[in-house]
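Open the model in your viewer and keep the sequence panel beside it. The stops below are given in the order in which to select them.

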Amino acid sequence: MVDQALAELASRQYGLYSRAQALDRGASPDLIGRRLRSGRWIHVAPGVYSLPGFASSWRRDLMAASLHAGPRAVASHEAAAALHGLTAFPQGPIVVMVDHGDHHRALIGRLRQSTDLRPGHRTLVDGIPATTVGRTLVDLAGVVRSGRLRVVVEDALAARSCTFDELARLYADLSRPGKRGMTRMAAVLRALGPGPARSSTVLERRLRRVLVDGGLPEPVREYDAPWSLDSAERVDLAYPVQRIIVEADSRRWHTRERDFEKDRRRDRAAQLAGWDVYRFTWEDLVGSPEEVVETVRRALARVPST
């Protein structure tokens, strides 16, 4: 029964389990010793064991580090960012966080201690304990530069991985004199605020930055819709001389059919007025920004700028 229970647990934890987990499921110290001597269990790190036959992987290493660090340990910082799929954080450093005083030495990866890791800051990602997206972003503020922090925050908001309100509440809750990264996070929040940031606005800012950083002329923002006499109707970005409109396609948030149809009607109205419309999604801007720039570059080249 012990072996069956641990096999079931290991199947959810990349073949791994801790000594404490084995004891909780009825294993005695003597049984643990026999299984290790026989090779039925494999010693991975102090207090961490594995069943044979499980392939090595980054996630397995991260799970092993978490189990080694203790029952309240979570993947954090760069490791949590990679788990959540945040922009520009590939699988790399193994980083786990524990409550201050819980653990003082990490044999696998890097260990960070925290005095403010609360239950609401914890989640599971692919079976691995990790900090939530919001808490991960706040922690990243202490270890990355301002430009990189702004990109990952904007993309997380655009992907609706967390909300501006959630991030602002976490900042207010965790900010204190001397805490690393709080000045950087405050600057990012000011740039996206005040008040709740609209996902579409974040996407528009990203689109403009991709175009300008790609060497294209600065577009006109919030340009009056050329097909409408209503001065309240705007397009995201425009090159008026070339009669080109560039829109941030927020279909990710337009879940209702009438919103999708509204965008299509706007595009048809622009075309009838003699303007070309180019729409780009969040996936376009993050996954293939060079293609976005090249598309707009070629569109601008079709019409002389004089």
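Is Asp126 buried, partly exposed or exposed? Select Asp126 and show the surface: its relative accessible area is 46%, so this residue counts as partly exposed. Bear in mind throughout that this is a predicted model.

**Stop 1: the partner of Asp126**

Add Arg59 to the selection. Arg59 and Asp126 form a salt bridge, with 3.0 Å between the closest N and O atoms. The two residues come from distant parts of the chain, 67 residues apart: Arg59 belongs to helix 4, whereas Asp126 is in the loop between strand 7 (122-125) and strand 8. Arg59 has a relative accessibility of 22%, so it too is classed as partly exposed, the cut-off for buried being under 20%.

**Stop 2: helix 4**

Extend the selection from Arg59 to the whole of helix 4, residues 58-69. From the first C-alpha to the last, the 12 residues reach 17 Å, close to the 16 Å expected at 1.5 Å a residue. Now colour by accessibility. Helix 4 is largely enclosed by the rest of the structure, because 10 of its 12 residues are buried. Among them are Trp58, Arg60, Leu62, Met63 and His68. Step just past the end of helix 4 to Gly70, where phi is positive, at about 125°.

**Stop 3: Ala130**

Go next to strand 8, residues 128-131, and pick Ala130. With a relative accessibility of 0%, Ala130 counts as buried. Draw a C-alpha to C-alpha distance from Ala130 back to Leu62: the viewer should give 10.0 Å, for a pair 68 residues apart in sequence. Then list the contacts of Ala130, leaving out neighbours within four places in sequence. These are Val74, Ala75, Leu83, His121, Arg122, Thr123 and Val125.

**Stop 4: helices 6 and 7**

Select helix 6 (residues 133-140) together with helix 7 (residues 146-158). Their axes are 10 Å apart and the packing angle is about 170°, which means that helix 6 runs roughly antiparallel to helix 7. To see the contact, show side chains for Val133, Leu137 and Leu140 on helix 6, and for Leu149, Val152, Val153 and Ala156 on helix 7. By class this contact has seven nonpolar residues, no polar ones and no charged ones.

**Stop 5: a salt bridge within helix 6**

Stay on helix 6 and show Arg135 and Asp139. Which distance separates the closest N and O atoms of this salt bridge? For Asp139 and Arg135 the value is 2.9 Å. The two are four residues apart in helix 6, so about one helical turn lies between them. Both Asp139 and Arg135 are buried.

**Stop 6: Arg118 and Asp173**

Select Arg118 and Asp173, whose side chains meet in a salt bridge at 2.4 Å, N to O. Arg118 sits in the loop between strand 6 (110-114) and strand 7, and Asp173 in helix 8 (residues 164-174), so the pair ties together parts that are 55 residues apart in sequence. Arg118, with a relative accessible area of 34%, is partly exposed. Asp173 is partly exposed as well, at 42%.

**Stop 7: the wider set of salt bridges**

How many salt bridges does a search of the whole structure find? The search finds 25.

Key:
Residues numbered from 1 in each chain as written. Predicted model: local features only at pLDDT ≥ 70, side-chain atom pairs only at ≥ 80, totals over all residues. Heavy atoms only, no water. Buried < 20%, exposed > 50% of the residue type's maximum accessible area, 1.4 Å probe, protein only. Contact = heavy atoms within 4.5 Å. Expected span 1.5 Å × (residues − 1). Axes fitted to C-alpha atoms, helices over the stretch in contact; angles between N-to-C directions. Parallel < 35°, antiparallel > 145°, perpendicular 65-115°, else oblique. Nonpolar A, V, L, I, M, F, W, Y, C, P; charged D, E, K, R; others polar. Salt bridge = Lys/Arg side-chain N within 4 Å of Asp/Glu carboxyl O.
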